[in-house]
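Here is a short briefing on one protein chain. Keep the sequence and the 3D view open while you read.

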Amino acid sequence: MMGLMAVSSPTISTSQLHSSLRGFHPRPQPLWLRARPSLPGPRSSRGLRVSATAALSVEQETRVRHNDSLDLQLLACPICYEPLIRRGPAGLNIPSIYRSGFKCQKCNKSFTSKDVYLDLTITSGTTEYSEFKPARTELFRSPLVSFLYERGWRQNFSRSGFPGLDEEFNMAQEYFKPVAGGLLVDVSCGSGLFSRKFAKSGSFSAVVALDFSENMLRQCYEFIKQDDTLITTNLALVRADVSRLPFASGSIDAVHAGAALHCWPSPSNAVAEISRVLRSGGVFVATTFLVSPLNTPLPLEAFRSLRQSFGQVTNSYNYFTEKEIKDLCRSCGLVNYTSTVRRSFIMFSAQKP
């Protein structure tokens, strides 16, 4: 476990831990399950009421058409990638997805959002079968780590050169300018610190906050429900495997992965999946830790040799050189690679041709 905590798991003092744990709750409850109060009718004449209703209906019809277009051919079965049939209200916001059911007609498998997120993993709905990912992945499924992630854990990445959340967000927004107004998926979103920023920016038609960790998604919801504007925004919570993304091929405009690539069990499978779901011209932006003396004392060639021989045995993180990351993007069919490096921090971007 000490190896796991080297860079991506910054140490937190006892006082910070006690402070962070105040208010810790294992499971949130959806707020929208209460019946919505009826809107009061106008006190004016019937004519004014009709005019107001007409104005509202035009706006609502526009939103419905927009939400329907977002749903069309987007969510797909993680087994066969066929589009899912949806039963329920349209829209990619949390309440509408919570009230919806999804089914793959080809596999005859149903998917529901019985929690605050929609579970689109292959194992969704299993009752007996269970499996575990590498320790570096399972670590972030812990309720405690999920709770601490945005309360001190992520902030300590600055020691490795990460410039801070606001600057990282602004840098990513610059890379995403060519696809502004499109649909963004924030893979390995964690507690949703960037998902919320993207949703509030108004730069995208919708944002999907996606993570494999159930508890990270619950923490994401905890933060979302503190902002009333985000509950009905086109921001959806989806549980999925980054190596088996539940989206139709060529359906996504932008993919973001913040401080995640080094945690993925198979970065090559994940980047290949990201390339598959991106539209032509779509943009992939990610940050991660580069291999450096900060996370390994060994010379580069020795480290690469050990990683190849013992990486899966020790469950250590996947640290790469910039050349390796660029080569990975190229091998997955992405072009126009560019990057910014600060010590062991790298933000890179690549595009689907």
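**Fold at a glance**

The protein chain has twelve helices and eleven strands. This is a predicted model. Of its 353 residues, 52% count as buried. Among contacts with a separation of 6 or more, 71% are between residues 24 or more positions apart.

**Cavities**

- Three cavities of 30 Å³ or more turn up in a search of the whole structure.
- The largest cavity has a volume of about 420 Å³.
- Its lining is made up of 32 residues, and S188, D211, A260, C263 and W264 are the closest to its centre.
- Four elements each supply at least two residues of that lining: α4 (135-138), β5 (183-187), α7 (193-201) and β6 (206-211).
- By class, the lining of the largest cavity holds 17 nonpolar, eight polar and seven charged residues.

**Nonpolar cores**

- In soluble globular proteins, nonpolar side chains tend to be buried together.
- The largest nonpolar core here has 47 residues. Those with the most contacts inside this core are V187, L210, F247, W264, F284 and F348.
- Helix α10 (residues 267-277) gives the most to this core, with four residues.
- Another core lies apart from it, with 45 residues. M171, Y175, I224 and V291 are among them.

**W264, in the core and at the cavity**

- W264 is one of the residues with the most contacts inside the largest core. W264 is also among the lining residues closest to the centre of the largest cavity.
- Which residues does W264 touch, leaving aside neighbours within four places in sequence? The contacts are R136, V187, S188, V242, A257, A270, V271, I274 and N318.

**T288, a buried threonine**

- T288 sits in strand β9 (residues 278-289).
- Is T288 buried or exposed? T288 has a relative accessible area of 1%, so the residue counts as buried.
- The side chains of T288 and H262 are joined by a polar contact of 2.9 Å.
- Beyond its neighbours within four places in sequence, T288 is in contact with F162, A259, L261, H262, I325, S344, F345 and I346.

**Helices α6 and α7**

- Helix α6 spans residues 165-175, and its buried residues are E168, F169, M171, A172, Q173 and Y175. Two of these names, M171 and Y175, also appear in the core of 45 residues.
- Cover for the buried residues of α6 comes from elements including α7, β8 (252-257), β9, β10 (335-342) and β11 (345-351).
- In α7, the buried residues include L193, F194, S195, R196, F198 and A199.
- G202 comes just after α7 and takes a positive phi of about 75 degrees.

**Positive phi outside glycine**

- Most residues other than glycine have a negative phi.
- N108 has a phi near 60 degrees, a positive value in a residue other than glycine. N108 is in the loop between β2 (101-104) and β3 (109-112). N108 counts as exposed because its relative accessible area is 54%, and the cut-off for exposed is over 50%.
- S188 has a phi near 50 degrees, also positive in a residue other than glycine. The loop between β5 and α7 holds S188.
- Why is S188 classed as partly exposed? Its relative accessible area is 21%, so S188 is partly exposed, and buried would require under 20%.
- S188 is also among the lining residues closest to the centre of the largest cavity, and W264 is in contact with S188.

Definitions and conventions. Residues are numbered from 1 along each chain as its sequence is written. This is a predicted model: local features need pLDDT of at least 70, side-chain atom pairs count only at pLDDT 80 or more; totals for chains, interfaces and linings use all residues. Side-chain values use heavy atoms; hydrogens and water are left out. On a 1 Å grid over the protein atoms alone, a cavity is a set of points where a 1.4 Å probe fits but cannot get out, and a pocket is an open set with protein on both sides within 12 Å along at least five of seven lines; lining residues have an atom within 4 Å of a point. Grid points are joined across faces, edges and corners, and a volume is the space filled by probe spheres set on the points. Ala, Val, Leu, Ile, Met, Phe, Trp, Tyr, Cys and Pro count as nonpolar, Asp, Glu, Lys and Arg as charged, and the others, Gly among them, as polar. A nonpolar core is a set of buried Ala, Val, Leu, Ile, Met, Phe, Trp, Tyr and Cys residues joined through side-chain atoms within 4.5 Å. Buried means under 20% relative accessible area, exposed over 50%, partly exposed in between (1.4 Å probe, protein chains only). Contact means heavy atoms within 4.5 Å. A polar contact is a pair of N or O atoms within 3.5 Å; within protein, one must be able to donate a hydrogen and the other to accept it, and residues adjacent in sequence count only if both atoms are side-chain atoms.
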